[in-house]
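Me: I should like to go through the terms used to describe this structure and ask what justifies each of them. Please set every value against its criterion.

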Amino acid sequence: MWGVEGLKLMFNVIKHPQLVDSYKHFKKLSYTCRLYCVKALRSKKPKSEIQRQRCHFIDQCQVKVIGGNGGNGCISFMRLFKNPNAGPDGGDGGNGGHVIFEANLNKKSLNHVEAIVRGETGGNGKSKDMHGANGEHTIIQVPIGTSIRLNSKVVGDLDIEGARFVAARGGAGGKGNHFFLSNENRHPNVAELGALGEERVYILELKIVAHAGLVGFPNAGKSTLLRAISRASPKVASYPFTTLSPHVGIVHYDDYEQVAVADLPGLIPGAHQNRGLGLFFLRHIERCICLLYVVDLSRPSPLDQVFSLKFELEQYQPGLSNRPHAIIANKIDLPESASKLKELEQGANIPIFPISAKLGTNVGSVLKHIRELYDKHNKGKLQW
(Lines give C-alpha, C1' and ligand atoms only; values in the text may rest on other atoms or scores of the structure.)
Protein backbone atom coordinates (compact mmCIF):
# COMPACT_ATOMS: atom_id res chain seq x y z
CA MET A 1 0.00 0.00 0.00
CA TRP A 2 1.24 3.46 -0.88
CA GLY A 3 -0.23 5.41 2.02
CA VAL A 4 -1.65 8.95 2.09
CA GLU A 5 1.68 10.76 1.57
CA GLY A 6 2.57 8.63 -1.41
CA LEU A 7 -0.78 9.24 -3.09
CA LYS A 8 -0.47 13.01 -2.60
CA LEU A 9 2.97 12.96 -4.21
CA MET A 10 1.73 10.95 -7.18
CA PHE A 11 -1.21 13.33 -7.73
CA ASN A 12 1.20 16.27 -7.82
CA VAL A 13 3.28 14.50 -10.44
CA ILE A 14 0.21 13.86 -12.58
CA LYS A 15 -0.92 17.53 -12.33
CA HIS A 16 2.55 18.86 -13.12
CA PRO A 17 4.24 16.63 -15.71
CA GLN A 18 7.19 19.04 -15.92
CA LEU A 19 8.39 17.70 -12.55
CA VAL A 20 9.36 14.41 -14.23
CA ASP A 21 11.80 14.46 -17.16
CA SER A 22 11.31 10.91 -18.40
CA TYR A 23 9.47 7.70 -17.82
CA LYS A 24 12.48 6.20 -16.04
CA HIS A 25 12.47 9.00 -13.49
CA PHE A 26 8.75 8.44 -12.99
CA LYS A 27 9.28 4.74 -12.21
CA LYS A 28 12.15 5.56 -9.88
CA LEU A 29 10.00 8.15 -8.10
CA SER A 30 7.09 5.75 -7.70
CA TYR A 31 9.43 3.09 -6.30
CA THR A 32 10.81 5.66 -3.82
CA CYS A 33 7.27 6.55 -2.75
CA ARG A 34 6.50 2.90 -2.10
CA LEU A 35 9.62 2.46 0.02
CA TYR A 36 8.84 5.61 1.91
CA CYS A 37 5.27 4.50 2.74
CA VAL A 38 5.95 0.85 3.70
CA LYS A 39 5.62 0.15 7.43
CA ALA A 40 6.25 -3.04 9.38
CA LEU A 41 3.04 -4.61 10.63
CA ARG A 42 2.99 -5.44 14.32
CA SER A 43 1.34 -8.72 15.20
CA LYS A 44 -1.66 -8.03 17.40
CA LYS A 45 -3.06 -11.56 17.48
CA PRO A 46 -1.94 -13.54 20.55
CA LYS A 47 -0.58 -17.04 20.19
CA SER A 48 -2.83 -19.96 20.91
CA GLU A 49 -2.46 -21.42 24.37
CA ILE A 50 -4.00 -24.72 23.29
CA GLN A 51 -1.33 -27.33 22.65
CA ARG A 52 -1.74 -29.65 19.71
CA GLN A 53 -2.82 -33.06 20.90
CA ARG A 54 -0.85 -36.05 19.71
CA CYS A 55 -2.83 -38.95 18.30
CA HIS A 56 -1.69 -42.26 19.79
CA PHE A 57 -2.49 -45.60 18.23
CA ILE A 58 -4.97 -47.55 20.38
CA ASP A 59 -6.06 -51.03 19.35
CA GLN A 60 -7.97 -52.05 22.48
CA CYS A 61 -10.30 -50.08 24.73
CA GLN A 62 -13.25 -50.49 27.06
CA VAL A 63 -16.39 -48.50 26.38
CA LYS A 64 -19.64 -48.20 28.32
CA VAL A 65 -22.66 -47.62 26.10
CA ILE A 66 -26.05 -46.48 27.37
CA GLY A 67 -29.07 -46.37 25.11
CA GLY A 68 -31.28 -43.32 25.13
CA ASN A 69 -34.24 -43.28 27.51
CA GLY A 70 -37.73 -43.23 26.08
CA GLY A 71 -39.89 -40.13 26.46
CA ASN A 72 -42.71 -40.01 29.02
CA GLY A 73 -46.35 -40.14 28.03
CA CYS A 74 -48.52 -37.08 28.58
CA ILE A 75 -51.66 -36.73 30.70
CA SER A 76 -53.90 -34.14 29.13
CA PHE A 77 -57.64 -33.56 28.55
CA MET A 78 -59.03 -31.64 25.62
CA ARG A 79 -61.26 -28.64 26.28
CA LEU A 80 -63.25 -27.29 23.33
CA PHE A 81 -65.84 -24.56 22.86
CA LYS A 82 -69.10 -25.72 24.40
CA ASN A 83 -67.40 -29.06 25.17
CA PRO A 84 -65.09 -28.65 28.16
CA ASN A 85 -64.79 -32.41 28.62
CA ALA A 86 -63.78 -33.52 25.12
CA GLY A 87 -61.73 -36.46 26.37
CA PRO A 88 -58.09 -37.38 26.86
CA ASP A 89 -55.54 -36.13 24.30
CA GLY A 90 -52.17 -36.97 25.85
CA GLY A 91 -49.60 -38.10 23.27
CA ASP A 92 -47.02 -40.89 23.50
CA GLY A 93 -43.36 -40.34 24.25
CA GLY A 94 -40.68 -40.90 21.61
CA ASN A 95 -38.34 -43.86 21.54
CA GLY A 96 -34.75 -43.45 22.71
CA GLY A 97 -31.89 -43.66 20.21
CA HIS A 98 -29.68 -46.72 19.81
CA VAL A 99 -25.89 -46.76 20.16
CA ILE A 100 -24.40 -48.40 17.06
CA PHE A 101 -20.85 -49.34 16.08
CA GLU A 102 -20.13 -49.03 12.35
CA ALA A 103 -17.02 -50.14 10.44
CA ASN A 104 -15.44 -47.28 8.51
CA LEU A 105 -12.48 -47.53 6.13
CA ASN A 106 -11.22 -44.06 7.06
CA LYS A 107 -10.69 -44.92 10.72
CA LYS A 108 -7.34 -46.48 11.63
CA SER A 109 -7.38 -46.44 15.44
CA LEU A 110 -9.71 -46.49 18.45
CA ASN A 111 -8.28 -43.32 20.00
CA HIS A 112 -11.43 -41.33 19.20
CA VAL A 113 -13.83 -43.67 21.04
CA GLU A 114 -14.96 -42.18 24.33
CA ALA A 115 -15.16 -44.20 27.55
CA ILE A 116 -18.89 -43.54 28.03
CA VAL A 117 -21.33 -43.09 25.15
CA ARG A 118 -24.96 -42.17 25.74
CA GLY A 119 -27.78 -42.38 23.25
CA GLU A 120 -30.18 -39.52 22.59
CA THR A 121 -33.29 -39.36 24.77
CA GLY A 122 -36.73 -39.44 23.17
CA GLY A 123 -39.05 -36.47 23.46
CA ASN A 124 -41.98 -36.37 25.89
CA GLY A 125 -45.54 -36.56 24.66
CA LYS A 126 -47.66 -33.40 24.53
CA SER A 127 -51.28 -32.43 24.50
CA LYS A 128 -53.49 -32.53 21.40
CA ASP A 129 -52.29 -36.08 20.72
CA MET A 130 -48.79 -34.89 19.77
CA HIS A 131 -46.20 -37.64 20.12
CA GLY A 132 -42.63 -36.95 21.21
CA ALA A 133 -39.79 -37.13 18.71
CA ASN A 134 -37.70 -40.28 18.52
CA GLY A 135 -34.08 -39.90 19.58
CA GLU A 136 -31.45 -39.98 16.85
CA HIS A 137 -29.23 -43.03 16.77
CA THR A 138 -25.65 -42.48 17.97
CA ILE A 139 -23.27 -44.07 15.44
CA ILE A 140 -19.65 -44.61 16.48
CA GLN A 141 -17.23 -45.11 13.59
CA VAL A 142 -14.63 -47.81 14.24
CA PRO A 143 -11.90 -49.24 11.98
CA ILE A 144 -12.50 -52.28 9.83
CA GLY A 145 -11.44 -55.39 11.70
CA THR A 146 -12.81 -54.39 15.10
CA SER A 147 -14.13 -57.24 17.22
CA ILE A 148 -16.57 -56.56 20.06
CA ARG A 149 -16.44 -58.62 23.23
CA LEU A 150 -18.97 -58.78 26.06
CA ASN A 151 -17.95 -60.73 29.17
CA SER A 152 -14.99 -62.30 27.32
CA LYS A 153 -17.32 -63.50 24.53
CA VAL A 154 -17.11 -62.19 20.98
CA VAL A 155 -20.55 -60.83 20.08
CA GLY A 156 -19.65 -58.80 17.00
CA ASP A 157 -17.02 -58.79 14.27
CA LEU A 158 -16.94 -55.75 11.98
CA ASP A 159 -14.64 -56.90 9.18
CA ILE A 160 -16.63 -55.45 6.25
CA GLU A 161 -17.02 -51.81 5.25
CA GLY A 162 -20.36 -50.49 6.52
CA ALA A 163 -21.04 -53.42 8.89
CA ARG A 164 -23.02 -52.37 11.96
CA PHE A 165 -23.54 -53.69 15.47
CA VAL A 166 -26.31 -52.41 17.76
CA ALA A 167 -24.48 -52.07 21.06
CA ALA A 168 -27.32 -50.66 23.20
CA ARG A 169 -30.96 -50.25 22.28
CA GLY A 170 -32.90 -47.19 23.27
CA GLY A 171 -35.89 -47.43 25.59
CA ALA A 172 -39.44 -47.40 24.28
CA GLY A 173 -41.53 -44.29 24.73
CA GLY A 174 -44.31 -44.26 27.32
CA LYS A 175 -47.97 -44.21 26.32
CA GLY A 176 -50.10 -41.12 26.93
CA ASN A 177 -53.49 -41.20 28.63
CA HIS A 178 -55.25 -41.24 25.26
CA PHE A 179 -53.93 -44.78 24.78
CA PHE A 180 -55.80 -45.97 27.88
CA LEU A 181 -59.18 -44.65 26.74
CA SER A 182 -61.84 -47.37 26.83
CA ASN A 183 -65.59 -47.76 27.34
CA GLU A 184 -65.02 -48.60 30.97
CA ASN A 185 -62.62 -45.68 31.59
CA ARG A 186 -63.60 -42.58 29.63
CA HIS A 187 -61.32 -40.26 31.57
CA PRO A 188 -58.03 -42.11 32.18
CA ASN A 189 -55.76 -40.14 34.46
CA VAL A 190 -52.73 -42.34 33.93
CA ALA A 191 -49.70 -42.42 31.57
CA GLU A 192 -46.52 -44.46 31.21
CA LEU A 193 -42.99 -43.39 31.88
CA GLY A 194 -40.39 -43.94 29.18
CA ALA A 195 -38.32 -47.11 29.44
CA LEU A 196 -34.64 -46.89 30.27
CA GLY A 197 -32.11 -47.65 27.57
CA GLU A 198 -29.87 -50.69 27.66
CA GLU A 199 -26.54 -50.40 29.41
CA ARG A 200 -23.57 -52.52 28.36
CA VAL A 201 -19.80 -52.54 28.83
CA TYR A 202 -17.88 -53.74 25.77
CA ILE A 203 -14.24 -54.30 24.99
CA LEU A 204 -13.29 -53.18 21.49
CA GLU A 205 -10.30 -54.96 20.02
CA LEU A 206 -8.81 -53.89 16.70
CA LYS A 207 -7.18 -56.47 14.50
CA ILE A 208 -5.55 -54.99 11.41
CA VAL A 209 -7.17 -56.24 8.21
CA ALA A 210 -4.57 -56.88 5.52
CA HIS A 211 -3.91 -59.38 2.77
CA ALA A 212 -0.25 -59.90 3.69
CA GLY A 213 1.64 -59.32 6.91
CA LEU A 214 5.37 -58.66 7.31
CA VAL A 215 6.65 -60.64 10.30
CA GLY A 216 10.21 -60.47 11.59
CA PHE A 217 12.58 -59.51 14.35
CA PRO A 218 13.44 -55.86 15.06
CA ASN A 219 15.63 -54.12 12.46
CA ALA A 220 14.97 -56.82 9.86
CA GLY A 221 13.93 -54.19 7.31
CA LYS A 222 10.13 -54.55 7.36
CA SER A 223 9.45 -50.82 7.39
CA THR A 224 12.01 -50.21 4.63
CA LEU A 225 10.37 -52.91 2.52
CA LEU A 226 6.92 -51.40 3.02
CA ARG A 227 8.30 -48.02 1.92
CA ALA A 228 9.73 -49.65 -1.21
CA ILE A 229 6.53 -51.36 -2.36
CA SER A 230 3.90 -48.78 -1.32
CA ARG A 231 3.43 -45.13 -0.45
CA ALA A 232 3.30 -45.81 3.28
CA SER A 233 5.91 -43.95 5.31
CA PRO A 234 6.63 -45.79 8.56
CA LYS A 235 9.52 -44.65 10.69
CA VAL A 236 12.92 -46.10 9.78
CA ALA A 237 15.93 -45.89 12.12
CA SER A 238 18.99 -47.89 13.16
CA TYR A 239 17.67 -48.83 16.60
CA PRO A 240 15.15 -51.61 17.39
CA PHE A 241 11.40 -51.16 17.88
CA THR A 242 11.07 -48.13 15.63
CA THR A 243 7.64 -49.47 14.63
CA LEU A 244 5.39 -49.16 17.67
CA SER A 245 2.09 -49.48 15.82
CA PRO A 246 1.07 -51.41 12.70
CA HIS A 247 1.25 -49.62 9.37
CA VAL A 248 -0.76 -50.65 6.32
CA GLY A 249 0.46 -49.89 2.81
CA ILE A 250 -1.53 -50.38 -0.39
CA VAL A 251 0.22 -51.99 -3.36
CA HIS A 252 -1.27 -50.91 -6.71
CA TYR A 253 -1.06 -53.22 -9.72
CA ASP A 254 -1.50 -52.49 -13.42
CA ASP A 255 -4.99 -54.06 -13.52
CA TYR A 256 -6.13 -51.63 -10.79
CA GLU A 257 -6.11 -54.33 -8.13
CA GLN A 258 -5.12 -53.15 -4.64
CA VAL A 259 -3.42 -55.40 -2.08
CA ALA A 260 -2.98 -54.34 1.53
CA VAL A 261 0.35 -55.17 3.20
CA ALA A 262 0.76 -54.65 6.96
CA ASP A 263 4.06 -53.84 8.68
CA LEU A 264 3.75 -55.42 12.12
CA PRO A 265 5.99 -54.46 15.07
CA GLY A 266 9.04 -56.61 15.55
CA LEU A 267 8.89 -59.81 17.58
CA ILE A 268 11.51 -61.16 19.94
CA PRO A 269 11.97 -64.66 21.43
CA GLY A 270 9.37 -65.09 24.15
CA ALA A 271 6.82 -62.73 22.58
CA HIS A 272 4.03 -65.23 23.36
CA GLN A 273 4.96 -64.75 27.04
CA ASN A 274 4.33 -61.01 26.63
CA ARG A 275 8.00 -60.09 26.25
CA GLY A 276 8.91 -57.03 24.26
CA LEU A 277 5.74 -55.75 22.65
CA GLY A 278 4.44 -59.27 23.19
CA LEU A 279 0.76 -60.03 22.88
CA PHE A 280 0.00 -56.38 22.29
CA PHE A 281 0.41 -56.77 18.51
CA LEU A 282 0.40 -60.53 17.92
CA ARG A 283 -3.37 -60.31 17.53
CA HIS A 284 -2.97 -58.36 14.29
CA ILE A 285 -1.41 -61.37 12.57
CA GLU A 286 -4.71 -63.26 12.87
CA ARG A 287 -6.33 -61.06 10.21
CA CYS A 288 -3.59 -61.49 7.59
CA ILE A 289 -4.36 -63.99 4.84
CA CYS A 290 -0.70 -64.74 4.10
CA LEU A 291 2.53 -64.08 6.00
CA LEU A 292 5.93 -62.91 4.77
CA TYR A 293 8.82 -63.73 7.10
CA VAL A 294 11.43 -60.98 6.74
CA VAL A 295 14.87 -62.36 7.64
CA ASP A 296 17.98 -60.26 8.22
CA LEU A 297 20.96 -61.84 6.38
CA SER A 298 23.42 -59.71 8.34
CA ARG A 299 22.65 -61.69 11.51
CA PRO A 300 23.96 -65.19 12.23
CA SER A 301 21.82 -68.24 11.42
CA PRO A 302 18.95 -66.85 9.31
CA LEU A 303 17.29 -70.27 9.32
CA ASP A 304 16.96 -70.13 13.10
CA GLN A 305 15.20 -66.79 12.73
CA VAL A 306 12.48 -68.44 10.64
CA PHE A 307 12.05 -71.29 13.12
CA SER A 308 11.87 -68.85 16.04
CA LEU A 309 9.21 -66.74 14.31
CA LYS A 310 7.12 -69.80 13.51
CA PHE A 311 7.46 -71.02 17.08
CA GLU A 312 6.19 -67.73 18.51
CA LEU A 313 3.18 -67.78 16.19
CA GLU A 314 2.34 -71.39 17.08
CA GLN A 315 2.57 -70.66 20.80
CA TYR A 316 0.20 -67.74 20.40
CA GLN A 317 -2.34 -69.59 18.23
CA PRO A 318 -1.87 -73.16 16.96
CA GLY A 319 -1.93 -73.37 13.19
CA LEU A 320 -1.16 -69.69 12.65
CA SER A 321 2.23 -70.40 11.07
CA ASN A 322 0.67 -72.80 8.54
CA ARG A 323 -0.92 -70.00 6.57
CA PRO A 324 0.43 -69.30 3.08
CA HIS A 325 3.84 -67.80 3.61
CA ALA A 326 7.22 -67.06 2.07
CA ILE A 327 10.66 -65.97 3.24
CA ILE A 328 12.09 -62.58 2.29
CA ALA A 329 15.87 -62.58 2.78
CA ASN A 330 16.68 -58.91 3.21
CA LYS A 331 20.01 -57.04 3.02
CA ILE A 332 21.44 -59.11 0.16
CA ASP A 333 23.66 -56.14 -0.72
CA LEU A 334 25.97 -56.84 2.24
CA PRO A 335 29.12 -58.89 1.48
CA GLU A 336 28.52 -61.53 4.16
CA SER A 337 24.99 -62.28 2.94
CA ALA A 338 25.90 -64.67 0.09
CA SER A 339 27.03 -67.55 2.31
CA LYS A 340 24.09 -67.17 4.68
CA LEU A 341 21.67 -67.15 1.76
CA LYS A 342 22.97 -70.55 0.60
CA GLU A 343 22.52 -71.90 4.11
CA LEU A 344 18.95 -70.61 4.16
CA GLU A 345 18.12 -72.11 0.76
CA GLN A 346 19.44 -75.53 1.80
CA GLY A 347 17.48 -75.68 5.06
CA ALA A 348 14.13 -74.20 4.01
CA ASN A 349 11.65 -75.78 1.61
CA ILE A 350 9.45 -72.72 1.07
CA PRO A 351 9.85 -69.88 -1.47
CA ILE A 352 12.77 -67.55 -0.69
CA PHE A 353 13.22 -64.11 -2.22
CA PRO A 354 16.62 -62.47 -1.69
CA ILE A 355 16.17 -58.69 -1.85
CA SER A 356 17.64 -55.41 -0.74
CA ALA A 357 14.79 -53.23 0.48
CA LYS A 358 17.16 -50.28 0.82
CA LEU A 359 18.38 -50.40 -2.79
CA GLY A 360 15.22 -51.94 -4.30
CA THR A 361 17.00 -55.05 -5.56
CA ASN A 362 14.64 -57.87 -6.64
CA VAL A 363 11.61 -56.15 -5.06
CA GLY A 364 9.57 -56.83 -8.21
CA SER A 365 9.67 -60.59 -7.59
CA VAL A 366 8.22 -60.04 -4.11
CA LEU A 367 5.36 -57.99 -5.54
CA LYS A 368 4.67 -60.69 -8.11
CA HIS A 369 4.56 -63.40 -5.43
CA ILE A 370 2.26 -61.32 -3.22
CA ARG A 371 -0.15 -61.01 -6.14
CA GLU A 372 -0.02 -64.77 -6.73
CA LEU A 373 -0.88 -65.45 -3.08
CA TYR A 374 -3.65 -62.86 -3.26
CA ASP A 375 -5.25 -64.39 -6.36
CA LYS A 376 -5.01 -67.90 -4.94
CA HIS A 377 -6.11 -67.44 -1.32
CA ASN A 378 -8.15 -64.24 -1.10
CA LYS A 379 -11.23 -65.42 -3.03
CA GLY A 380 -13.13 -62.22 -2.27
CA LYS A 381 -12.59 -62.36 1.50
CA LEU A 382 -11.22 -58.84 1.75
CA GLN A 383 -11.95 -55.95 -0.57
CA TRP A 384 -9.76 -52.90 -0.02
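Reply: A residue is called buried when its relative accessible area is under 20%, exposed when that area is over 50%, and partly exposed in between. The model is a predicted one. By the criterion for burial, Lys222, Ser223, Leu225, Leu226 and Ile229 of helix α3 (residues 222-229) are buried.

Me: What makes these buried residues of α3 lie on the same side of the helix?

Reply: They span an arc of only 160 degrees around the axis, and therefore they fall on the same side of α3. The elements against which the buried residues of α3 pack are β11, β12, β13, β14, β15 and α7.

Me: Why is aspartate 333 called partly exposed?

Reply: Its relative accessibility is 37%. Burial requires a value under 20% and exposure one over 50%, so aspartate 333 counts as partly exposed. Aspartate 333 belongs to the loop between β15 and α6 (337-347). Beyond its neighbours within four places in sequence, aspartate 333 contacts Ser356 and Leu359. Serine 298 is 35 residues from aspartate 333 in sequence, with a C-alpha to C-alpha separation of 9.7 Å.

Me: Why does lysine 82 count as exposed?

Reply: The relative accessibility of lysine 82 is 75%; the threshold is over 50%, and lysine 82 therefore counts as exposed. Lysine 82 sits in the loop between β2 and β3.

Me: What makes the phi of lysine 82 worth noting?

Reply: Most residues other than glycine have a negative phi. Lysine 82, which is not glycine, has a positive phi near 60 degrees. Aspartate 129 is also a residue other than glycine with a positive phi, of about 60 degrees. Aspartate 129 occupies the loop between β5 and β6 and is partly exposed, because its relative accessible area is 34%.

Me: How do you know that β2 and β3 pair?

Reply: Pairing requires at least two bridges between two strands. Strand β2 (residues 77-80) and strand β3 (residues 83-88) have three, in the antiparallel sense, and so they satisfy the criterion. Methionine 78 has glycine 87 of β3 as its bridge partner. The two strands form a hairpin with two residues between them, and lysine 82 is in the turn.

Me: How do you know that β7 and β8 pair?

Reply: Strand β7 (residues 146-150) and β8 are joined by five bridges in the antiparallel sense; at least two are needed, so the strands count as paired. Threonine 146 is matched with leucine 158 in β8, and arginine 149 with valine 154. These strands also form a hairpin with two residues between them, where asparagine 151 in the turn has a positive phi of about 55 degrees.

Me: Why are β5 and β8 said to stand at the edges of their sheet?

Reply: The open sheet has five strands in the order β5-β1-β10-β7-β8, with mixed pairing. β5 (116-118) and β8 (153-158) each have a single partner strand, so each has one side without a neighbour in the sheet. From one strand to the next, the twist averages 30 degrees.

Me: Which strands stand at the edges of the six-stranded sheet, and why?

Reply: The strand order is β12-β13-β11-β14-β15-β16 in an open sheet with mixed pairing. β12 (247-252) and β16 (352-354) are at the edges because each has a single partner strand, leaving one side without a neighbour. The twist here averages 25 degrees from one strand to the next. Within this sheet, β11 (residues 212-216) and β13 (residues 258-263) pair in the parallel sense over three bridges, with glycine 213 opposite alanine 262. Helix α7 (residues 363-377) packs on the sheet and makes about 110 degrees with the direction of β13.

Me: How do you know that the span of α5 is close to the expected one?

Reply: α5 has 15 residues and reaches 22 Å from its first C-alpha to its last, against 21 Å expected at 1.5 Å a residue. Helix α5 (residues 302-316) lies across β11, β14 (290-296) and β15 (325-330), at about 140 degrees to β14.

Conventions: Residues numbered from 1 in each chain as written. Predicted model: local features only at pLDDT ≥ 70, side-chain atom pairs only at ≥ 80, totals over all residues. Heavy atoms only, no water. Helix = DSSP H or I, 4+ residues; strand = E, 2+ residues; numbered from the N terminus. Axes fitted to C-alpha atoms, helices over the stretch in contact; angles between N-to-C directions. Contact = heavy atoms within 4.5 Å. Buried < 20%, exposed > 50% of the residue type's maximum accessible area, 1.4 Å probe, protein only. Arc of directions from axis to C-beta. Expected span 1.5 Å × (residues − 1).
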